[in-house]
Every structure is written in C-alpha cells, then in structure tokens.
Amino acid sequence: MSKNKNILIIGIAATAVIAIIIAVYLYFEDEKNKQKISELEEDKLKLILDSLKRNPNLTDEIKNQLEKLISNFSEIDEKVSNELAQALQLFQIGQIENAIEDLVKIIEHLLTVYYKENIGFEKWLKEQKKKFDLHNLLTFCKYEDKITDIEFQFFIAIKTIRNKEDHTVDLKLDSYLNASGLITAIGGIFKIATIVYPKKTTH
C-alpha cells in the first residue's frame, strides 16, 4: 500500500474519531440543557406551590372565575355551564376535591369535542397503540404544541387528583394542593376552550 493511501486512511480515521468525539460532546451538552430546563420547570412548580401554601385563602377569586366561566359557557355549551355550576356548589360547601374532579371532567369533555373526529389524532392513536382517554388527549395536544410541556404537567397533576377522587373514600388534600388544583383546572378550562372555540369569548 502506498504512502499516500496510508496517509488518506489515517486522515479518514482521524476525521471519523473527531466526528464521534464532537457528536458525543454535543449529545451530553444537549442532555445537560434538557436537565437544566427540567430543573427550572420543577423550581417554577415549587415556587407556585410554596406561594399557595403561604396564601391558601383564594375563595373569592376562585368563585369569581367559576361564575365567569358559567356565564361564558351558558351560550356556548350548556352541558359545560351546568357542570361548572355543580363544581361551584361543591366548592362553596367545601368539597374541593369533588369540585376539581368536575372541572377535570370538563377539560376532558372539551378535548373530546375537539379531537373526536380528528383524523390526525385517530392516526396517532393507532400508530402509538394508545386508547382514547384524557392522558392521550393531553399528550396529543402537547404534541401539536397547543399546550406547553409545563401546562401538560399541571394538567396531568389534576387528572391524578380526579383519578384519586374516583377511587379513594373521603379523599382529603392539603389546602395548598386544593388551591393549586382549582387554579390549574380553571386555567385549563379557559385555555382548552380557546382551542376548541377559537371564535367564541371564553376569557
């Protein structure tokens, strides 16, 4: 083998090694960045929960927001308006976990209305071998960039409260968790409603 060929082979090998080193470096940098973003999101969640723990008495504002939603939905979707009225009643008598359950039910209803005949969603469910449920409705909503990853995590949290309420006798949460759950659920209804009814006034 000629000297030139040896140099060429060595050059190609060296280039390949450098490319691998760069690829590995970029991979670990990307992973570090993802970790930093994840930590920032966790810090934001902790900050919100700490704030709520210090000031759990948000009764008037939550009541006002629920009444606003009831009024807005009265001309858009009567079923949602009635369910909101029921959630407000539950909230006023102190059955907060049940109120959150009803609000999450509304989020599921709105997403079902939006995606029930969506060909893209049906195709995605088949490809992913997933079933039509709230978790996958939210996942696809995030996949379409209609909600952010942080919103998704908050909505999954209140879905967990809904599931626990369904399967736990006399479920009782700390007051700050109830407050954060209510705020997230109400905000979620406002957000999802703007997706489902973009030309209607829901805020």
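1. In this predicted model, the contact between helices α2 and α8 is made on one side by Ile62, Gln65, Leu66, Lys68, Leu69, Asn72 and Phe73 of α2, and on the other by Leu182, Ile186, Ile189, Phe190 and Ala193 of α8. Sorted by class, the residues that α2 and α8 bring to this contact comprise 9 nonpolar, 2 polar and 1 charged. The charged residue is Lys68 of α2, and the polar ones are Gln65 and Asn72, also of α2.

2. As for the geometry of this pair, α2 covers residues 59-73 and α8 covers residues 175-196, and the two helices pack with their axes 11 Å apart and at an angle of about 25°. Angles under 35 degrees count as roughly parallel, and α2 and α8 are therefore described as roughly parallel to each other. The crossing of α2 past α8 is left-handed.

3. Turning to the fold as a whole, the secondary structure of the protein chain amounts to 8 helices and 0 strands, so that, in the order of the sequence, the pattern reads α-α-α-α-α-α-α-α. If one considers the contacts between residues at least 6 apart in sequence, 63% of them join residues that are at least 24 apart; the contact of α2 (residues 59-73) with α8 (residues 175-196) can be read alongside that figure.

4. On exposure, the protein chain has 203 residues, of which 34% count as buried. The area that the chain exposes is about 13100 Å², and carbon and sulfur atoms supply 55% of that area.

5. Two loop residues deserve a look at their backbone angles. Most residues other than glycine have a negative phi. Lysine 129, however, has a phi near 55°, which is a positive value in a residue that is not glycine. Lysine 129 sits in the loop that runs between α5 (119-128) and α6 (134-143), and it counts as exposed because its relative accessibility is 77%.

6. The second of these residues is aspartate 145, whose phi is also positive, at about 65°, although aspartate 145 is not a glycine. Its place is the loop between α6 and α7, the latter helix covering residues 149-167. With a relative accessible area of 68%, aspartate 145 is exposed, since the cut-off for that class is over 50%.

Technical notes:
Residues numbered from 1 in each chain as written. Predicted model: local features only at pLDDT ≥ 70, side-chain atom pairs only at ≥ 80, totals over all residues. Heavy atoms only, no water. Axes fitted to C-alpha atoms, helices over the stretch in contact; angles between N-to-C directions. Helix = DSSP H or I, 4+ residues; strand = E, 2+ residues; numbered from the N terminus. Parallel < 35°, antiparallel > 145°, perpendicular 65-115°, else oblique. Left-handed = near helix turned anticlockwise from the far one by under 90°. Contact = heavy atoms within 4.5 Å. Buried < 20%, exposed > 50% of the residue type's maximum accessible area, 1.4 Å probe, protein only. Areas by Shrake-Rupley, 256 points an atom, 1.4 Å probe, with all protein chains shown as cover.
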